[in-house]
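Here are some short exercises to work through with the model open beside you. Try each task before you read its solution.

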Amino acid sequence: MSIREFAAHLGVHERLVSKWEAGGERVHPRPINQAALDTSLARSDDVVRARFAALIDQPLIDRPAVPGFDVRQGGSEVWNAMPAQASYSSDAELLALVDTGAMRGDALAAISERDLIMAAAHEASEHAGRAESTNVGTTLLEQLDADVTRIANDYVHMPPVPMMVEMLRVRRRVYRLLEGHQRPSDTAHLYLLAGALSGLLANASTDLGYFDAAGEQARAAWAYAELCEHDPLRAWTRGMQALIEYRSERPRRAVLLAQGGQRYAESATSRVRLLNIEARIWSRLGSTAETERCIRAADEARDGESSDTLHDDVGGVFGFDQPKSHYYAGATYIHLGQAQPALEATSRAIDLYVNGPTDKRSYGAESLARVDNAAAHLINGSLDGAAAALEPVLELAEDKRIAQLEERLSAVRQRLASPEFRDAGEAHDLDERIEDFCGSSAARSVLPPDAPR
């Protein structure tokens, strides 16, 4: 081959080959170029190697062996007489030498400069190609977003158990996608979806009275929120955790969680929600001053115009609209024993739910507002008002009888047992109906009688 072709073959400049040829025996190529020449010779056929040996009238140069690589192959006596020496037949084998630390000292001389540079370039190109590949497309992410939005909004007017099946189905799909390969931004998006679905499952578990499971789901939601650094999900999850602690009779822990969520609240909706949750917990603790502080702060926050992608764009379970705000206020005033503001707040919530959009009508929140409305009537001594408020609640289908209703109705029964109503026949009838209602909840309707709750 020509000098130009040989130089290209070795990966050096043609002027360097010309210099070697002119210098003869006085030329001593640099070690890395010697390695390139040795490698070229080693990869030549038997005839070329024999001719080379005859020209120099001596055996092929011995070179230090590299552990794990023995290139003595072929059928010629000259080649079979060679000792083991550094060799590689692919980029992968060359890079394996790098990984094992074999590219030091004399072993480095067995590596072609060009081969090393090209192997590094090929590795970068192949890795970048794999990094660009993804198992998640824009259409798939849009579908998963739509699924979460649909579930979050359907849940407020659908029974909890069938909705949990749908939540779990979609989350399992997200989990399978996360086991594959996608762009970092898409991975963050999948973590957000997993967090939102875990939050929805926490809410459903709470509705069914499984607080330990709800806490576990909420902790998962928080972990995913941290992984994708999504503040709206962080804020919502802290509020969910506060409600779980509140219903688990740990109100002081609940207060800290509600307050901690405020640092992540980006929108007016998220701030109003967290302040309403905190006010409700303070009222349970009997602190009128702290309760009123939170109520004032929530009123001020409600005037804000900021919004976020979870509380406002997705909404549903993640939202906190006017009816829900009034329902929370009513529950807060009931804890404080303030009948008149409780009546006003719960009546407003009921009216907004009844006359609002059907797809936004939360049967759970509306029913709880009616129970609190009945409790306020009883505080005022009105047994007829309480019975009227409870009538739609006691007619709820079994699969919609969430655990909170049983808890709140138990408090109503305690009021019915007070000396004021003890001898009233209407009170006995209402108490009996409540007892029958509580005997068949959503959780009991799908689980065996001896299942843990």
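**Exercise 1. Which residues are linked with Asp147 in a network of salt bridges?**

Step 1. Start from the rule: a salt bridge is a side-chain nitrogen of Lys or Arg within 4 Å of a carboxyl oxygen of Asp or Glu.
Step 2. Applied here, the rule links Asp147, Arg150, Glu166 and Arg169 in a network.
Step 3. Across this predicted model, the count by this rule comes to 20 salt bridges.

Before you go on, a word on the ground rules. Residues are numbered from 1 along each chain as its sequence is written, and side-chain values use heavy atoms, with hydrogens and water left out. Since the model is predicted, local features need pLDDT of at least 70 and side-chain atom pairs count only at pLDDT 80 or more, while totals for chains, interfaces and linings use all residues.

**Exercise 2. Find the salt bridge of Glu245 and that of Arg361, and sort the partners by exposure.**

Step 1. Glu245 pairs with Arg250, at 2.6 Å from N to O.
Step 2. Arg361 pairs with Glu366, and the closest N and O atoms are 2.6 Å apart.
Step 3. Now use the exposure classes: buried means under 20% relative accessible area, exposed over 50%, and partly exposed in between (1.4 Å probe, protein chains only).
Step 4. Glu245 is buried at 14%, whereas Arg250 is partly exposed at 41%.
Step 5. Glu366 is buried at 7%, whereas Arg361 is partly exposed at 31%.

**Exercise 3. Which parts of the chain does the salt bridge between Glu395 and Arg433 tie together?**

Step 1. The side chains of Glu395 and Arg433 meet at 3.2 Å, N to O.
Step 2. Glu395 lies in the loop between α20 (383-394) and α21 (403-416) and Arg433 in helix α22, so the pair ties together parts that are 38 residues apart in sequence. Helices here are DSSP runs (H or I, at least four residues), numbered from the N terminus.
Step 3. Glu395 is exposed, at 55% relative accessible area, and Arg433 is partly exposed, at 32%.
Step 4. Look at the C-alpha atoms too: those of Glu395 and Phe437 are separated by 8.5 Å, with their positions 42 residues apart along the chain.

**Exercise 4. Which helix gives the largest share of the negative surface patch?**

Step 1. The patch is formed by Asp384, Glu426, Asp429, Glu432 and Asp436. Patch residues have over 30% relative accessible area and no salt bridge, and like charges are joined within 9 Å.
Step 2. Helix α22 (residues 425-438) supplies the largest share, four residues.
Step 3. Take Glu432, which lies in α22: this residue is partly exposed, at 49%.
Step 4. Cys438 is also found in α22, but Cys438 is buried, at 11%. The C-alpha atoms of Cys438 and Leu405 are 8.2 Å apart, although the two residues are 33 apart along the chain.

**Exercise 5. What span should helix α14 have, and how many of its residues are buried?**

Step 1. The expected span is 1.5 Å times one less than the number of residues.
Step 2. For the 17 residues of α14 (residues 268-284) the expected span is 24 Å, which agrees with end C-alpha atoms 24 Å apart.
Step 3. In α14, 15 of the 17 residues are buried, so the helix is largely enclosed by the rest of the structure.
Step 4. Just after α14, Gly286 takes a positive phi of about 85 degrees.

Technical notes. Patches are made of residues with over 30% relative accessible area and no salt bridge: like charges are joined within 9 Å, nonpolar side chains (Val, Leu, Ile, Met, Phe, Trp, Tyr) within 5 Å. Accessible areas come from the Shrake-Rupley method with a 1.4 Å probe; for residues, only the protein chains shown count as cover. Lys and Arg count as positive and Asp and Glu as negative; His and the chain ends are not counted. The place of a charge is taken as NZ of Lys, CZ of Arg, CG of Asp or CD of Glu. Helices (H or I, at least four residues) and strands (E, at least two) are DSSP runs, numbered from the N terminus.
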